[in-house]
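User: I should like to understand how the descriptive terms applied to a model are justified. Please set the values against the criteria in each case.

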Amino acid sequence: MQVFKIPESIKKGSKFTFCPGCDHGIIVRILAELIDELELKEKTICATSIGCSVFLYDFLNIDCIESPHGRAMAEATGVKRARPDKFVFTYQGDGDFASIGLAESMHGALRGEKITGICINNTTYGMTGGQMGPTTLLGQKTTTSPMGRFTGTYGYPIKVAEQIALCDGTAFSARVAVDTVAHINQAKKILKKAFEIQLKGLGYSFVEFLATCPTNWKMTPDEAHERVRNEMMNVYPLGVYKDITVEDK
Amino acid sequence: MDKVLVKGNYAIAQAALNAGLECYFGYPITPQTEIGEYLSDEMYKRGLGYVCAESELAAINMVLGAASTGAKAMTTSSSCAVSLMQEALSYACSDEVPIVLVNVMRAGPGLGYIYPAQGDYNQAVKGGGNGDYKLIVLAPSTVQECIDYTYKAFYLAHKYRNPTMLLADGLLGQMMEPAVFGEYPYPEIDNSSWALTGAKGRDGRAIFSVATAEDTQNQHIYNLFAKFKTIEENETEWEEFNTEDADILLVAFGSMTRNIKAAMTELRKQGLKVGILRPVTLSPFPSKRIHELAAKVDNVIVVEMNMGQMVNDVKLAVEGQAKVDLVHRPVGQWLSVEEITQAVKNVLEKSYASV
C-alpha cells in the first residue's frame with residue numbers, strides 16, 4: 001500500500017531548499033496537492049515574488065513569471081487580463097505583499113481581479129537575514145529592531161487578511177496556519193475555497209498563511225510553531241474575514 | 001489609403017491597435033495622456049485588456065505580465081514617470097519579454113515641466129535601470145513616423161524578445177499632421193516556444209532573471225549582448241541627406257530633425273556644403289555610418305534639445321576624424337531654423353556654440 005506520494009505538480013527530483021522547520025515547504029505542498037486535485041496544472045500561471053518565495057518555480061511544475069519585488073499582483077493582473085481563461089495566483093512573503101507591494105496588493109483587490117493572492121506571513125524578511133518587516137510583532141527583536149519593535153519609532157504591524165477583506169472587490173479573505181495537522185487540513189480547505197472562487201469568477205480571493213522562520217527567529221522548529229500559536233495568533237487571529245458566497249445566503 | 005489629420009498621441013494609440021495590441025496599462029501624465037484616454041474606449045469596445053493602473057510601477061509590471069504570455073502589450077508615459085519604470089525594463093530585458101513602451105518626453109530633471117525636450121536620450125539608450133542591458137529605441141520625427149515606428153516597435157520587440165521604446169516628445173504628441181495609417185505591415189511572430197500559456201502537454205516553464213550561479217549569469221549576459229549584436233547588424237536605421245559632397249554633417253534625432261533639414265537647405269543656399277545624418281534607431285546607434293561619413297567631412301555638428309547627450313555617442317563614432325560640436329538648448333522652444341543656421345556659422349568661426 002502506498003502511504004506517501006509526491007504531488008504530480010511538484011517537479012520530479014526537486015528538493016526543497018527551505019531551512020529546516022520553515023513552513024514554506026508545507027504550504028508549497030498544499031498548493032501542489034490542490035493544483036492536482038482541481039486539475040489546474042495546464043491552465044495555471046503563477047506570479048512569484050522576491051524573497052524566500054523566489055524559487056517557487058524550482059519546485060512547482062507549472063508556468064511561472066518572476067515579479068520584481070512587490071509587483072506580483074501587477075504581473076498577475078497583466079497575465080489575467082491578457083489570458084482571462086487562465087488560473088492565476090501570486091505567492092508572496094509579507095514584505096513583498098504588504099510593504100513594498102501594498103499599493104499593488106490593495107488595488108488588485110479593489111479592482112476585484114479574478115486572481116488568488118497567497119501571502120506567507122513570518123513576521124520578518126527571511127531571505128536577507130531577519131530584518132523588521134510590516135508584520136513584525138510589537139516587542140519582536142530583529143536585526144533592524146534590535147531592542148524590539150516599539151511603536152514610537154517603528155509603528156504598528158499590519159493585519160493583512162483584515163485589510164484585504166475591507167476592499168469591495170475582495171470575494172474571499174482568510175488567515176490560516178500550518179502549525180498542526182488540524183490547521184494544515186483546515187488551511188488546505190480554505191485555500192481550495194479561494195481557488196474555487198477564482199474559478200467561478202467571483203472576484204479577488206486571498207489567503208494569508210502564518211508561517212515560521214526558525215533560522216531568523218533563532219528557534220527550533222517546535223519552538224517556532226509554539227510562537228505561531230502563542231504570539232502570532234493573538235495578533236493575527238485565524239479565520240475567514242470575508243466570503244461573499246456565505247454573505248449572499 | 002486615406003490621409004487623415006491626426007494628433008501624434010492619437011496616431012500612436014491607433015497604430016498600436018492596428019498592430020494588434022491586446023493589453024494596455026497606463027497612468028496619466030502630460031503630454032501623453034490622450035493615448036490612455038483614446039485606448040480606454042477603443043480597448044473596451046474590442047473586449048481587450050485595459051487597466052487604469054495605480055502607478056507607473058504597476059503599469060509597466062502589468063505589461064511585463066501580459067507580454068510574458070506572448071500578448072502584444074504596451075504602456076505609455078513621460079520622462080519622470082518613465083524613470084519609475086526602469087526596474088521593470090531591466091527585468092524585461094533579462095527575461096527577454098517583448099514589451100513596448102512609449103516615452104513622450106517632457107522636460108526634466110525632476111518634475112520639470114511639459115515643454116518638449118530630449119533630455120531622456122541617455123536614460124533610453126544607456127539602460128536606465130540596473131545591470132548590463134539595452135533597449136531597442138526608435139525616435140520618430142513626424143506624426144507619420146509615430147505610426148510607422150509604433151508598428152515597427154511591436155515587430156522588433158516580438159522578433160527579438162527585447163523591450164522596445166518609442167522615444168517621442170511633447171511636440172510630436174500634441175501636434176496634428178496629415179498621416180496615413182495603412183495596415184500593420186509586419187509578419188506575426190511565433191511565440192509558442194517561450195510564452196507562458198499553462199503547462200499543457202509539457203513541463204512548466206518559468207520566466208525569470210535570477211541566476212545564483214556565476215557562470216549562468218555570465219553566459220546569460222553574453223547571450224543577451226550577442227542578440228543585441230544581431231539587432232545592430234539587422235535593424236540599425238538612419239536617414240541621410242546631401243552627404244555625398246558634404247563638408248559639414250548635421251546630426252539630430254526625433255523632432256529636432258525637422259529644423260535641421262530646413263537649416264541645411266538655407267545653409268546650402270548660402271554656399272555651405274551641409275549634409276544630414278539622422279539616427280532613427282537610437283539604440284542600436286548608427287555608429288558605423290557616422291564613422292564612415294566623419295572621414296569625409298571637416299565638421300560634425302550635433303543639434304539636440306538637452307545639455308549634450310547624443311553628442312557623446314557621435315564623438316565615439318567619429319573617433320577624432322572630424323571636429324565635433326554641439327548646438328543645443330535644454331528645454332523650451334525648439335531650436336529654430338534661424339538659430340541653427342547662425343549657430344552653425346558660429347561653430348565654423350569658433351570652436352563651440354551654445355544657443
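**Terms and the values behind them**

User: In β9(B), which residue is the bridge partner of Cys64(A)?

Analyst: The model is a predicted one. Within it, Cys64(A) has Ala206(B) of β9(B) as its bridge partner.

User: What makes β2(A) and β9(B) count as paired strands?

Analyst: Pairing requires at least two bridges between the strands. Two strands, β2(A) and β9(B) (residues 206-207), are joined by 2 bridges and run parallel, so the criterion is met. Within chain A, β1(A) and β3(A) (residues 87-93) are likewise parallel, with 4 bridges between them; Thr44(A) has Phe87(A) as its partner there.

User: What is the order of strands in the open sheet, and why are β7(A) and β9(B) called edge strands?

Analyst: The sheet has 8 strands in the order β7(A)-β5(A)-β6(A)-β4(A)-β3(A)-β1(A)-β2(A)-β9(B), and its pairing is mixed. The strands β7(A) (239-243) and β9(B) each pair on one side only; they are therefore the edge strands, pairing being judged by at least two bridges.

User: How many residues of chains A and B are in contact, and which elements of chain A take part?

Analyst: In chain A, 31 residues are in contact with 35 residues of chain B. Two or more residues on the chain A side come from each of β1 (44-48), β2 (63-66), α3 (72-82) and α5 (102-111). The most come from α3(A), which gives 8 residues. By class, that side of chain A holds 14 nonpolar, 6 polar and 11 charged residues.

User: Why is chain B said to be as compact as a globular protein of its length?

Analyst: Chain B contains 13 helices and 15 strands. Its radius of gyration is 21 Å, and the globule rule gives 20 Å for 355 residues; the two values are close, so chain B is as compact as a globular protein of that length. Along the principal axes, the C-alpha atoms of chain B fill a box of roughly 70 × 50 × 40 Å. Buried residues account for 53% of the 355 residues. Among the contacts in chain B between residues at least 6 apart in sequence, 79% join residues at least 24 apart.

User: How do you know that the span of α10(A) is close to the expected one, and where does α10(A) bend?

Analyst: Helix α10(A) (residues 221-235) has 15 residues and reaches 20 Å from its first C-alpha to its last, against an expected 21 Å at 1.5 Å a residue. The helix α10(A) bends by about 35° at Val228(A). Val228(A) is also among the buried residues of α10(A), together with Ala224(A), His225(A), Arg227(A) and Met232(A). The buried residues of α10(A) pack against β5 (170-177), β6 (204-210) and α9 (214-217) of chain A.

User: Why is Asn242(B) called partly exposed?

Analyst: Asn242(B) has 17 C-beta neighbours inside 10 Å. A residue is buried at 20 or more and exposed at 12 or fewer, so with 17 Asn242(B) is partly exposed. Asn242(B) is placed in the loop between β10 (238-241) and β11 (248-251) of chain B. Beyond neighbours within four places in sequence, its contacts are Met264(B), Val274(B), Gly275(B) and Ile276(B).

User: Lys218(A) and Arg161(B) both have a positive phi. Is each of them buried or exposed, and what makes it so?

Analyst: Lys218(A), in the loop between α9 and α10 of chain A, has a phi of about 60°. With 11 C-beta neighbours inside 10 Å, Lys218(A) falls under the limit of 12 or fewer and therefore counts as exposed. Arg161(B), in the loop between α7 (143-160) and β7 (164-169) of chain B, has a phi near 50°. Its 20 neighbours meet the limit of 20 or more, so Arg161(B) counts as buried. Most residues other than glycine have a negative phi.

User: Which residues are joined by a cis peptide bond in chain B, and what is omega in each case?

Analyst: Thr30(B) and Pro31(B) are joined by a cis peptide bond, with omega about 10°. Pro31(B) is in the loop between β2 (23-26) and α2 (33-46) of chain B. A cis peptide bond also joins Gly108(B) and Pro109(B), where omega is about 5°. Pro109(B) is in the loop between β5 (100-105) and α6 (121-126) of chain B.

Methods
Residues are numbered from 1 along each chain as its sequence is written. Chains are lettered from A and ligands numbered from 1 in the order in which they are written. This is a predicted model: local features need pLDDT of at least 70, side-chain atom pairs count only at pLDDT 80 or more; totals for chains, interfaces and linings use all residues. Two residues are in contact if their C-beta atoms, placed from the backbone, lie within 7 Å. Ala, Val, Leu, Ile, Met, Phe, Trp, Tyr, Cys and Pro count as nonpolar, Asp, Glu, Lys and Arg as charged, and the others, Gly among them, as polar. The radius of gyration is taken over C-alpha atoms; the globule rule is 2.2 Å times the number of residues to the power 0.38. The expected span of a helix is 1.5 Å times one less than its number of residues. The bend at a residue is the angle between axes fitted to the seven residues ending there and the seven starting there.
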